Amino acid sequence: MPANVFSNSDFFTRYMELRKELNYNDLLEHPEMEKLLPPLIGRSVLDLGCGYGAYAREFIEKGASSYLGLDSSELMIAKAEKENSGKNISYRKLDLGHLEELEGKYDLAYSSLVFHYIEDFDRLVRNINMKLNDGGILLFSQMHPLISASYGYSGYFESDYFAFTGYQDEGRREGKWFKQKVISYHRKVSSIISTLSFNGFFVEKVVEPVPNEDLLMEFASLERDLIRPTFLIVRARKVPFSAH
């Protein structure tokens with residue numbers, strides 16, 4: 001995620017406190033991401049916007065041959081190296097806007113809730129394609145465009161009603177999270193899918209997570225995701241180039 005938010009020590013501290021609690025990521029996003037993971041035995045993993053490396057060991061335990069986590073926040077990288085290091089796990093401070101600086105190729109590019117912070121999505125996808133082996137998988141989640149469309153969104157979605165505004169108007173959005181200004185970029189679902197296709201990806205699966213009955217019984221607040229989804233998850237495969 002962008003260093004301008006997660007390099008702020010106060011914001012970072014509050015965010016890490018939030019991550020200690022059971023949250024939307026744990027209940028809805030991560031379980032669906034796990035279901036969409038390809039076989040990892042002997043595969044190399046590139047985690048785009050790895051944060052504090054929450055899933056690094058999980059990838060290695062699933063058989064990945066190597067894991068490289070990238071993040072633009074020094075605070076995140078330092079915490080990752082301290083708490084989630086291990087054999088075949090490495091981290092590097094790198095802004096995803098400069099992914100072309102990274103050497104080597106990978107079998108899986110994974111990203112959890114980062115892409116809506118990236119201004120130039122076309123460049124990002126193009127560079128990811130270059131860093132994947134043929135047949136490699138891109139698996140990512142992001143804020144759902146029905147949420148990112150609204151101006152002045154909050155990091156928490158506490159109301160029981162929703163005002164959808166500006167969906168067709170793509171571009172920069174400003175919101176607040178932990179009283180800090182957060183910049184994100186809204187893109188329509190059609191634009192996301194078209195950008196992937198144009199840059200050499202075949203979209204295999206698109207998921208808008210919905211809570212099951214067990215979750216709804218335990219967490220009544222998740223009913224809002226029956227009205228509108230919080231997350232958009234996409235799995236796409238790099239298609240070998242062929243001249244026509």
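**Helix packing, strand pairing and an aromatic cluster**

The buried residues of helix 6 (121-131) are covered by a set of elements that includes strand 1 (44-48), strand 4 (106-112), strand 5, helix 8, strand 8 and strand 9. The model described here is a predicted one. Within helix 6 itself, the buried positions are Phe-121, Leu-124, Val-125, Asn-127, Ile-128, Asn-129 and Lys-131. Polar side chains are thus listed beside apolar ones, with Asn-127, Asn-129 and Lys-131 among the buried residues of helix 6.

Helix 8 offers a convenient companion to helix 6, as helix 8 is among the elements that cover the buried residues there. Helix 8 spans residues 189-198, and its buried residues are Ser-191, Ile-192, Thr-195 and Leu-196. Viewed down the helix axis, these buried residues fall within an arc of 130 degrees, so they line one face of helix 8. An α-helix has 3.6 residues a turn, so residues three or four places apart point the same way. The cover over the buried residues of helix 8 includes helix 6, strand 5 (132-143), helix 7 (145-148), strand 8 (201-207) and strand 9 (231-238). After helix 8 comes Gly-200, which has a positive phi, near 90 degrees.

Strand 9 appears in the cover of helix 6 and again in that of helix 8, and it deserves a look of its own. Seven of the eight residues of strand 9 are buried, leaving the strand mostly covered. Strand 9 pairs with strand 5 in the antiparallel sense, over seven bridges. Across from Leu-232 in strand 9 stands Gln-142. Strand 9 also pairs with strand 8, again antiparallel, this time over six bridges. Here Phe-202 has Arg-237 of strand 9 as its bridge partner.

Lys-238 also belongs to strand 9. Despite being a lysine, Lys-238 is buried, with a relative accessible area of 8%, and under 20% is the cut-off for that class. Where does the side chain of Lys-238 reach? The side chain meets the backbone oxygen of Asn-129 at 2.9 Å, and Asn-129 is one of the buried residues of helix 6. Leaving aside residues up to four places away in sequence, Lys-238 touches Lys-105, Asn-129, Leu-132, Asn-133, Asp-134, Gly-135, Gly-136, Gly-200 and Phe-201. Among these contacts is Gly-200, the glycine that follows helix 8.

The aromatic residues come next. The model holds seven aromatic pairs. The rings of Phe-59 and Tyr-67 have centres 5.9 Å apart and planes at 25 degrees, so this pair is stacked. Phe-59 is buried at 2% relative accessibility, and Tyr-67 is buried at 1%. Tyr-67 also pairs with Tyr-91: the centres of their rings are 5.9 Å apart and the planes stand at 75 degrees, so this pair is edge-to-face. The pair joins distant parts of the chain, with Tyr-67 in strand 2 (residues 66-71) and Tyr-91 in strand 3 (residues 89-93), 24 residues apart. Both Tyr-67 and Tyr-91 are buried. Ring pairs extend the picture into a cluster that links Tyr-55, Phe-59, Tyr-67, Tyr-91 and Tyr-110.

Strand 2 also holds Leu-70. Is Leu-70 buried or exposed? At 0% relative accessibility, Leu-70 counts as buried. Its contacts, not counting residues up to four places away in sequence, are Leu-46, Asp-47, Leu-48, Gly-49, Cys-50, Arg-92, Leu-94, Leu-96, Leu-99 and Leu-102. One of these partners, Leu-99, is 29 residues from Leu-70 in sequence, with the two C-alpha atoms 9.3 Å apart in space.

Two further sites complete the description. Ala-54 sits in the loop between strand 1 and helix 4 (56-61) and, at 32% relative accessibility, counts as partly exposed. The C-alpha atoms of Ala-54 and Ala-80 are separated by 7.7 Å, although the two residues are 26 residues apart along the chain. Helix 3 (residues 24-35) has 12 residues, which at 1.5 Å a residue should span 16 Å, and its end C-alpha atoms are indeed 16 Å apart, in agreement. The buried residues of helix 3 are Asn-25, Leu-27, Leu-28, Glu-29, His-30, Glu-32 and Met-33.

Conventions:
Residues numbered from 1 in each chain as written. Predicted model: local features only at pLDDT ≥ 70, side-chain atom pairs only at ≥ 80, totals over all residues. Heavy atoms only, no water. Buried < 20%, exposed > 50% of the residue type's maximum accessible area, 1.4 Å probe, protein only. Helix = DSSP H or I, 4+ residues; strand = E, 2+ residues; numbered from the N terminus. Arc of directions from axis to C-beta. Contact = heavy atoms within 4.5 Å. Phe/Tyr/Trp six-rings, centres within 6.5 Å; stacked < 30°, edge-to-face > 60°. Pairing = 2+ DSSP bridges. Expected span 1.5 Å × (residues − 1). Polar contact = N/O pair within 3.5 Å; in protein donor to acceptor, adjacent residues only side chain to side chain.
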